[in-house]
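This report walks through local geometry, packing and strand pairing. Please keep the coordinates open while reading.

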Amino acid sequence: MRPIDDAERRARVAVRHALHPTRRASDPLAAARAVTCLHATEAASVHLAVQARTEGVAPFDVDRALYEDRTLIKQLAMRRTLFAFPRDLLPAALGVAVARIAPEQRRLVARDAQRHGIADDGEAWLEAAEDAVLARLSGAGPMTARELREALPELTGAITVNAGKKYGGTFNLAPRVLTWLGAEGRITRGRNDGHWRLSKPSWTVLAEWLGEDVAPLPADAAYAELVRRWLWSFGPGTLEDIHWWLGATKGATRAALAAVGAVEVQLERERTGWLLPDDVEPVPAVEPWAALLPTLDPTTMGWKERDHYLDPEHRPLLFDTNGNGGTTAWWDGRIVGAWVQDPDGVVEVVPAPGLDLGSAARSALAAEAERLTIWLDGVRISNVYASRLMKGAPLP
């Protein structure tokens, strides 16, 4: 097996992920392709991930890719996570969603409708809601969950969970019905009903939004295509990395690796990695580079095993217990801190404790902070997944 050390892995990230200043992407679609797809759980992360990988691309350019040109499509897929996919990857994303996510979401929504007294027959209630939503959206254009709920009595119903706890409350079932139909590939998120930094999706019929039907790939073909894209963007990675990112079983992950003809390479720490068979040539070193990436950025979230780009001692400061990463500051392929904004929206880098970055790193990160401040133009970003370092909290 060819040995690939951590330095070469970091060089691959620099050039493949469009993060090196000499290798930035030309537009939002190219930025998404560089990392296979963009995390979209936090709405602002899509725009900020594009900003980090491009020059001269404004927020409205990202909106145009999402809502006008529709070259990027938001879809629930791997690990029941929302991503913005390049349009040509949507059949694979839908293949995963239809096979693994939609059936479970259907079961849970029908169960809760019945368990909480909304209907005597949860399946019948869900089928009526499905028919009503599709009939209302057909030919009508995008509508928000609230608009649909107010227009359709079939969507009436709320459940109370974890009463008395700060994360509990009463929640309408309508958004979950829409999420299920989205996982089915029947409907999709259309225009955002608010500022780009906020998640206020409207919903529309997928075939009408795209002007064509999209057939989901069979599950095995979908996994193979997603693994092929991941290996090009993130490879080499371990079986554990790919299994975690894909959200499939290890058996399905191994089958996908076999389907694309992936080959083994030797990584540091006595780990075995995988690459595409035509991608085993060495990648030369690159000049040091700096980047400021958003919460849940694809690069930050690309691997389960992160020692090649993250000091294990800093993990509790930058990731929560579920592995969700906050904002990150990168120097020469390693995470060296986070970034925050002051009350005026100015971006500031927060170094991880105990690091001596040196003058070159500090200067490059300051330049990226200024570039991001100018791009944001006073817009302040709120983060659901804020790390301890972003909050200024010490290690637990």
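Ser45 sits in helix α3, residues 43–53; helices (H or I, at least four residues) and strands (E, at least two) are DSSP runs, numbered from the N terminus. With a relative accessibility of 4%, Ser45 counts as buried. Buried means under 20% relative accessible area, exposed means over 50%, and partly exposed lies in between (1.4 Å probe, protein chains only). Outside its neighbours within four places in sequence, Ser45 is in contact with His39, Pro294 and Thr295; contact means heavy atoms within 4.5 Å.

The model is predicted: local features need pLDDT of at least 70, side-chain atom pairs count only at pLDDT 80 or more, and totals for chains, interfaces and linings use all residues. Residues are numbered from 1 along each chain as its sequence is written, and side-chain values use heavy atoms, with hydrogens and water left out.

**Sheet and core**

An open sheet is formed by three strands in the order β2-β4-β3, with antiparallel pairing. Two strands pair if DSSP finds at least two bridges between them. At the edges are β2 (38–39) and β3 (72–76), each pairing on one side only. β3 runs antiparallel to β4 (residues 82–86), and five bridges join the two. One bridge partner pair is Leu76 with Leu82 of β4.

The largest nonpolar core has 108 residues. Such a core is a set of buried Ala, Val, Leu, Ile, Met, Phe, Trp, Tyr and Cys residues joined through side-chain atoms within 4.5 Å. Which residues have the most contacts inside it? They are Met78, Phe85, Leu226 and Leu231. Helix α5 (residues 90–115) supplies the largest share of this core, eleven residues. Apart from it lies another core of 19 residues, including Trp339, Val347, Leu372 and Ile381.

Phe85 has a broad contact list. Leaving aside neighbours within four places in sequence, Phe85 is in contact with Cys37, Thr71, Leu72, Ile73, Gln75, Ala77, Met78, Ala93 and Leu226.

**A helix pair**

Helices α6 (residues 122–137) and α8 (residues 174–183) pack at an angle of about 75°, and their axes are 11 Å apart. That makes α6 roughly perpendicular to α8. Axes are lines fitted to C-alpha atoms, for helices over the stretch in contact, and angles run from 0 to 180 degrees between N-to-C directions. Angles under 35 degrees count as roughly parallel, over 145 as roughly antiparallel, 65 to 115 as roughly perpendicular and the rest as oblique. On the α6 side, the contact is made by Trp125, Leu126, Ala129, Glu130 and Val133. On the α8 side, Val177, Leu178, Trp180 and Leu181 take part.

**Strand β8 and the loop after it**

Is Asn192 buried or exposed? Asn192 counts as buried, at 18% relative accessibility. Asn192 belongs to strand β8 (residues 187–192). A polar atom of the Asn192 side chain lies 3.0 Å from the backbone oxygen of His195. Beyond four places in sequence, Asn192 touches Tyr67, Leu198, Ser199, Lys200 and Pro201.

Asp193 is in the loop between β8 and β9 (201–205). Its relative accessible area is 49%, so Asp193 is partly exposed. Not counting residues up to four places away in sequence, Asp193 touches Thr144 and Lys200. The C-alpha atoms of Asp193 and Met143 are separated by 9.0 Å, although the two are 50 residues apart along the chain.

**Backbone geometry**

Most residues other than glycine have a negative phi, and most peptide bonds are trans. The table gives two exceptions in phi.

| Residue | Phi | Loop | Relative accessible area |
|---|---|---|---|
| Glu270 | near 55° | between β10 and β11 | 77%, exposed |
| Asp332 | near 55° | between β13 (328–331) and β14 (334–341) | 26%, partly exposed |

Strands β10 (residues 263–267) and β11 (residues 271–275) pair in the antiparallel sense over five bridges. Val265 has Gly273 of β11 as its bridge partner. Their hairpin has three residues between the strands, and Arg269 takes a positive phi near 60° there.

Which residues does a cis peptide bond join? The bond links Gly235 and Pro236, with omega about 0°. Pro236 lies in the loop between α10 (219–234) and α11 (239–246).

Definitions and conventions. A polar contact is a pair of N or O atoms within 3.5 Å; within protein, one must be able to donate a hydrogen and the other to accept it, and residues adjacent in sequence count only if both atoms are side-chain atoms.
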